[in-house]
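Student: I have a structure to go through at the bench. Can we take the terms one by one and see what earns each of them?

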2 protein chains.
Amino acid sequence: MTAEIICVGTELLLGDILNSNAQYLAQQLAKLGIPHYYQTVVGDNSERLKQVIEIATQRAQILIFTGGLGPTPDDLTCETIAAFFNSPLVERPEVIEEITRKYAQRGRIMTPSNRKQALIPQGAEILPNPTGTAPGIIWQPRTDLTILTFPGVPSEMQRMWEVTAVPYLKSLGWGQEIIYSRMLRFWGISESALAEKVAGYLNLPNPTVAPYASRGEVKLRVSAKAATDEQARELITPVEQQIKGIAGLDYYGADDDTLASVVGELLRSAGQTLSVAESCTGGGLGQMLTEISGSSDYFWGGVISYDNSVKERILGVKSEDLAKFGAVSSIVAEQMAVGVRSHLATTWGLSITGIAGPTGGTETKPVGLVYIGLAGPNEEVESFEYRFGAMRGRSLIRHLSACTALDNLRRKLL
Amino acid sequence: MTAEIICVGTELLLGDILNSNAQYLAQQLAKLGIPHYYQTVVGDNSERLKQVIEIATQRAQILIFTGGLGPTPDDLTCETIAAFFNSPLVERPEVIEEITRKYAQRGRIMTPSNRKQALIPQGAEILPNPTGTAPGIIWQPRTDLTILTFPGVPSEMQRMWEVTAVPYLKSLGWGQEIIYSRMLRFWGISESALAEKVAGYLNLPNPTVAPYASRGEVKLRVSAKAATDEQARELITPVEQQIKGIAGLDYYGADDDTLASVVGELLRSAGQTLSVAESCTGGGLGQMLTEISGSSDYFWGGVISYDNSVKERILGVKSEDLAKFGAVSSIVAEQMAVGVRSHLATTWGLSITGIAGPTGGTETKPVGLVYIGLAGPNEEVESFEYRFGAMRGRSLIRHLSACTALDNLRRKLL
């Protein structure tokens, strides 16, 4: 028994969006041990979608559709599937009720076009969409064929997959042999340097170890195949421990950990608090910290000192130092950190000042030059200089700056 | 005549990589005006690849392959294509020479496995790979069918596409007619409501108008087919103007515009400045504003008042109002906006306070309740209440809060 992924949407054919849904579903199928050999992308066109269904039903027994469940006339997936199997569409009052309720929550009234989303093939079960309006379906139009449909919005699709599709597929007997993975996360080391350090692990048969890198972070995916999660974990744990030993402080966490969540836990367990002063990141460091629910326990706030007047007036940076050393300097980073710490009365003050580009760089202070300041208990203060390189671009330089600030605090707290 | 994109690689089926090649090729085909209706992904398996070729040859006249051109035994694309058309493979000495030269440049010696990359179907032309070792082919195995192959490495594929494939396809007469698109952007209206308002435009033949929605934003893509960019623009402009007229203030910009860039331009042209006070967004509004290079002209900074002590101490929010109305209230939003505006001495002060969840909601103040405060010239101040709904989740509620704050300022500035 095999699955096929069918992504519906003219925006995919025009290259307007990346097909991240196909990647997510492919990973999920691998995890459940469900083989899949084909992925097809087709536009919002009923005739062509029918041809794709015709082909897929000849080579797969589980068809997974994404996209085309919205309220507009070009959303055709559900009605085309029903037409292919000669099944009538039935309006399901519970879906109308659910959409009406969700619209009301947002203070809006359901539009007539939303009624379309309640038309479900006869005999199909509803696959609830907790975060959006378009429900999916789970349907066996024939005994040897299962159809699952999902909206194209990745967050909605993923939530529906986890909450409803996975338990359903497991009830059909899938996921007996599972693939269990741990994603080990590193900061402050390059992918090639880490790969060389752990070279002996990259050819293991089970668990396998594979390196990835993105936006300054390096990851090692450790995956084991086994009958149960527990057996897989037993295979993974010793390898994970050894790799952590080799990587030392460059290892910062696993799976859903982020630098912000790891720093948060360290602050929480120490009973300490943090404030931030941001120049070139403009609020990005605060945003990272507050992505974590419950961060108000240790993160008190900060000052976005984008303009020098704010650095002086609120953070107490000395105007003669701004004039003499420039806003992007270690002394200003330190004064920003000291200023925000004392003004907000927190244990730590963390600051960022730099040149994110693309303009504003000079010979001596190029785009990508960033100073991190860290003020802590007993009036101690230090700063760190980074040169991320102009070619990384504004967005990545800002991201690297915020992550590196957190990483410095993490190493200090350990 | 239509094209089909066929991406070969088991790593795509395992979800190890995102299929960015399909997106790139889709954009490129659209630009050349070559219609394509299907994309297929298949693993490194000769039998299944043959089936995919069989299907594709029945529905497309240009087959574009990526992946499977490397030196390892699981790289099967070229030999499978040759086998499908019963064509022998011929070793091409110029390819061997080229690979040897490239290896020498890197101080390496060509391995025997690289010889495989010089095996080309009889009659095929070589599609040179300036940056890697694996060449592609351009081949007409039948008079009505053109095959192009590219390696899976995106940078190599893109270079080869630009340098050789585009001129070749243009020589066949493609690219005479181009597709030009404008993406019109809206905020403050639902996809279904907008689609109903512009229903008359959704079935136009040229330009076409298609709605999209993501994370609170609604978009209409207006695409025209014409001989030149200019002619396409002439087709698009009247439709664009009419849609803008219908949408009124809900239309905020086009193409690369963001709410932050549009607000920024309005502030710049008015010679005005902005500061922000953020609670539940924790810096996200500042980050959005500073994504724009040059935003320091009008954005001076802000205060992240995550903890109530910061609201009181730095923004001057009255402690009795915090106690009486709570931090998430219109009066606190207004005091935050007034406080940051006066403290940072800007024309406008924009504030956000809300419950992003998942915890912290109550019966009367549910998760998703957000207040935006806006203080402006002449000491005027107002506030706006939103209920985004708990099911949207923390990340989306924070995103909607920041965007909605910008949208309120935008409407005020217009």
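Student: What area is buried between domain 2 of chain A and domain 3 of chain A?

Tutor: About 870 Å². Carbon and sulfur atoms give 56% of that area. Keep in mind that this is a predicted model.

Student: Which residues of domain 2 of chain A lose the most area to domain 3 of chain A?

Tutor: A:Trp187, A:Arg215 and A:Tyr252. Together they account for 75% of what the domain 2 side buries.

Student: How do you know that these two domains are in contact?

Tutor: Contact needs heavy atoms within 4.5 Å. Eight residues of domain 2 of chain A meet eleven residues of domain 3 of chain A on that test. The C-alpha centres of the two domains are 30 Å apart.

Student: Where do the domains of chain A run?

Tutor: Domain 1 covers 3-172, domain 2 covers 179-254 and domain 3 covers 259-413.

Student: Now the helices. Why is H3(A) called oblique to H4(A)?

Tutor: Helix H3 (residues 46-59) of chain A packs on helix H4 (residues 77-84) of chain A at about 55 degrees, with axes 10 Å apart. Roughly parallel needs an angle under 35 degrees, and roughly perpendicular starts at 65. The angle fits neither class, so H3(A) is oblique to H4(A). The crossing of H3(A) and H4(A) is right-handed.

Student: Which residues of H3(A) and H4(A) meet?

Tutor: From H3(A), A:Ser46, A:Leu49, A:Lys50, A:Ile53, A:Glu54 and A:Thr57. From H4(A), A:Thr77, A:Thr80, A:Ile81, A:Ala83 and A:Phe84. By class, the contact has five nonpolar, four polar and two charged residues.

Student: What makes H3(B) oblique to H4(B)?

Tutor: Again, set the angle against the bounds. Helix H3 (residues 46-59) of chain B and helix H4 (residues 77-84) of chain B pack at about 55 degrees, and their axes are 10 Å apart. That value lies between the 35 and 65 degree bounds, so H3(B) is oblique to H4(B). H3(B) passes H4(B) in a right-handed crossing.

Student: Why is H2(A) called roughly parallel to H6(A)?

Tutor: Helix H2 (residues 20-32) of chain A and helix H6 (residues 154-171) of chain A pack at about 20 degrees, with axes 11 Å apart. The cut-off for roughly parallel is under 35 degrees, so H2(A) qualifies against H6(A). Their crossing is right-handed.

Student: Which residues meet there?

Tutor: Among them are A:Tyr24, A:Leu25 and A:Leu29 of H2(A), and A:Met157, A:Trp161 and A:Val166 of H6(A). The contact of H2(A) with H6(A) counts nine nonpolar, four polar and two charged residues.

Student: What makes the bond from A:Asn206 to A:Pro207 stand out?

Tutor: That peptide bond is cis, with omega near 5 degrees. Most peptide bonds are trans. A:Pro207 sits in the loop between helix H7 (191-197) and strand E10 (208-214) of chain A. In chain B, a cis peptide bond joins B:Asn206 and B:Pro207, with omega about 5 degrees.

Student: And what is the phi of A:Asn378?

Tutor: Positive, at about 60 degrees, although A:Asn378 is not a glycine. Most residues other than glycine have a negative phi. A:Asn378 lies in the loop between strand E16 (369-375) and strand E17 (381-387) of chain A.

Note on methods
Residues numbered from 1 in each chain as written. Chains lettered and ligands numbered in written order. Predicted model: local features only at pLDDT ≥ 70, side-chain atom pairs only at ≥ 80, totals over all residues. Heavy atoms only, no water. Axes fitted to C-alpha atoms, helices over the stretch in contact; angles between N-to-C directions. Helix = DSSP H or I, 4+ residues; strand = E, 2+ residues; numbered from the N terminus. Parallel < 35°, antiparallel > 145°, perpendicular 65-115°, else oblique. Left-handed = near helix turned anticlockwise from the far one by under 90°. Nonpolar A, V, L, I, M, F, W, Y, C, P; charged D, E, K, R; others polar. Domains from an automatic or database assignment. Buried area = accessible area lost by both parts, 1.4 Å probe.
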